Amino acid sequence: MLRAQDKLQDPAAAIRAVLFDGAKVMVGGFGLVGKPLTLVSALNESPFSGLTIVSNNLGEPGRYLGRTLKLGKIRRAVGSFFTSNPDAVRAHAEGRLEVELLPQGTLSEAIRAGGAGLGGFYTPTGVGTLLAQGREVRELGGRAYLFQEPITADVALIRAHRADRLGNLVYRATARNFNPLMATAAKKVVAEVDELVEVGELDPELVVTPHLFVDHLVLARERL
Amino acid sequence: MKEVIARRAARLLEPGWVVNLGIGIPTLVSKYLDADRIFLHTENGLLGVGPPPGADEVDPELIDAGKRPVTCRKGAAFFDSAASFGMIRGGHVDAAVLGALEVDERGRVANWAVPGEPVLGVGGAMDLLCGVRTIIVLMTHTTREGEPKLVAECTLPITSLRPADWVVTELATFRVEGDRLVLVELAPGVTSAQVRASTAARYFGEGVG
């Protein structure tokens, strides 16, 4: 049990344990829902910068990842929707932010593939559009597909609803979104949860993320 | 005007279907459909979207893809984003009701890149157009400036090579048959001449109405 209990950490300590300058960091959430708010705040207070952030979008202007951007910590963003944050649009226009835009289904599947040890996949999404530029096109069974490489990261910061002390995770409502995928695709995974229970208290039938994916647990201090 | 479009679109949805509603006019469709027999899918991870919550029942972790608070109905299921887009790309969603900026005379849709702005957002638009079985586009017939949105060739970047199946505006309903746009119905009180005058795309079925 000692090893298991070690997973619970203070947010700042967890961020210090996994992050470094220039790290590639996955951050869960669809907008702010399912975003690990406490961990993103700890990231914003940390000295680390030059980060690549993999997240569906860069949050709201000045809040959470929007603040990370304003603090100048993000060098590159990989996601599907950055237009909801005018700061991201401006940073990109001024050459301060490099952006890789992927359709949301391609983004989520690329993270899944990364976590599952696959070398990529062919998707029909985006064929013949601006987002197909520079990509390998392959015809399979009479249909055109685009090749997509897997996405992995150094660190994933995710949010779940409940964890046991081993790190098994259960999610809640639409806060699940990218979190279980990102949990599989990074070298170090920190999960922020509302509630921590003893081993044996989670119904194994309902565990979404098994504990082997989770390195550190943090209790949420900030919630929607 | 938007309500007219939404009401007409709701009639295209068949009982038992799983339907994804986009933002804008498509959102209004939920008011007019048979809520007991249509299952609403939202790509951020819910099948079984219920009506909007009352002010005291808002759950901050329960939203649709337009980030509006929703409820979930009996029999609903939550899932992750990859599973959700697997449903979409894999052809398991029966219909998507989407907004559009332009549709060309072959039924191709432009609904992701806004004129004059950098291309930094796509979301689920391309996956929906690519994978959902029936694509229903809802839009006003012309822009605010009165320019036709049904055009010969899209001037904005297209979302997919795959055409829409239906286009519903406040003036008329079109079906895409092969690579042809066919006028199948005029809205009440609208004449073919009115549709002709506000449409820049070539279409068939002039005799309707």
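**Exercise 1. Identify the bridge partner of A:Ala156 in S10(A), then establish how S8(A) is paired with its neighbouring strands.**

Solution. In this predicted model, A:Ala156 has A:Val189 as its bridge partner in S10(A).

Step 1. Strand S8 of chain A comprises residues 153–164, and strand S10 of chain A comprises residues 186–197. The two strands run parallel and are joined by 10 bridges.

Step 2. A:Ala156 is also the bridge partner of A:Met26. Strand S1 (residues 24–27) of chain A runs parallel to S8(A), with 3 bridges between them.

Step 3. Strand S9 (residues 169–170) of chain A pairs with S8(A) in the antiparallel sense over 2 bridges. Within this pairing, A:Ala163 stands opposite A:Leu169. The hairpin of S8(A) and S9(A) has 4 residues between the strands, and A:Gly167 takes a positive phi near 110° there.

Step 4. Of the 12 residues of S8(A), 9 are buried, and the strand is thus mostly covered.

**Exercise 2. Determine the strand order of the open sheet of chain B, and state which strands stand at its edges.**

Solution. Step 1. The sheet has 3 strands in the order S7-S6-S9, with mixed pairing.

Step 2. Strand S7 (109–110) and strand S9 (150–151) of chain B each have a single partner strand and stand at the edges, so one side of each lacks a neighbour in the sheet.

Step 3. Strand S6 (residues 102–104) of chain B pairs with S7(B) in the antiparallel sense over 2 bridges. In this pairing, B:Val103 stands opposite B:Val109.

**Exercise 3. Describe the side of chain B that touches chain A, and explain why H3(B) is largely enclosed.**

Solution. Step 1. Contacts link 32 residues of chain B with 39 residues of chain A. Helix H3 (81–89) and helix H4 (125–131) of chain B are the elements that give two or more residues to this side of chain B. H3(B) gives the most, with 5 residues. By class, this side of chain B has 17 nonpolar, 8 polar and 7 charged residues.

Step 2. H3(B) is largely enclosed by the rest of the structure because 7 of its 9 residues are buried. These are B:Ser81, B:Ala82, B:Ser84, B:Phe85, B:Met87, B:Ile88 and B:Arg89.

Step 3. The cover over these buried residues includes helix H6 (104–115), strand S5 (121–123) and helix H7 (179–182) of chain A, together with strand S2 (39–42) and H4 of chain B. Just after H3(B), B:Gly91 takes a positive phi of about 80°.

**Exercise 4. State which residues of helix H1 of chain B are buried, and what covers them.**

Solution. Step 1. In H1(B), residues 2–10, the buried residues are B:Ile5, B:Ala6, B:Arg8, B:Ala9 and B:Ala10.

Step 2. Their cover includes helix H2 (25–28), strand S5 (95–99), strand S8 (134–138), strand S10 (166–168) and strand S11 (172–177) of chain B.

**Exercise 5. Decide whether A:Tyr64 and B:Lys67 are buried or partly exposed.**

Solution. Step 1. Most residues other than glycine have a negative phi. A:Tyr64, which is not a glycine, has a positive phi of about 50°. B:Lys67, also not a glycine, has a positive phi of about 65°.

Step 2. A:Tyr64 is found in the loop between strand S2 (51–54) and helix H4 (65–70) of chain A. B:Lys67 is located in the loop between strand S3 (46–50) and strand S4 (71–78) of chain B.

Step 3. The cut-off for a buried residue is 20 or more other C-beta atoms within 10 Å. A:Tyr64 has 24 C-beta neighbours inside 10 Å and therefore counts as buried. B:Lys67, with 14 other C-beta atoms within 10 Å, is partly exposed.

Note on methods
Residues numbered from 1 in each chain as written. Chains lettered and ligands numbered in written order. Predicted model: local features only at pLDDT ≥ 70, side-chain atom pairs only at ≥ 80, totals over all residues. Contact = placed C-beta atoms within 7 Å. Nonpolar A, V, L, I, M, F, W, Y, C, P; charged D, E, K, R; others polar. Pairing = 2+ DSSP bridges.
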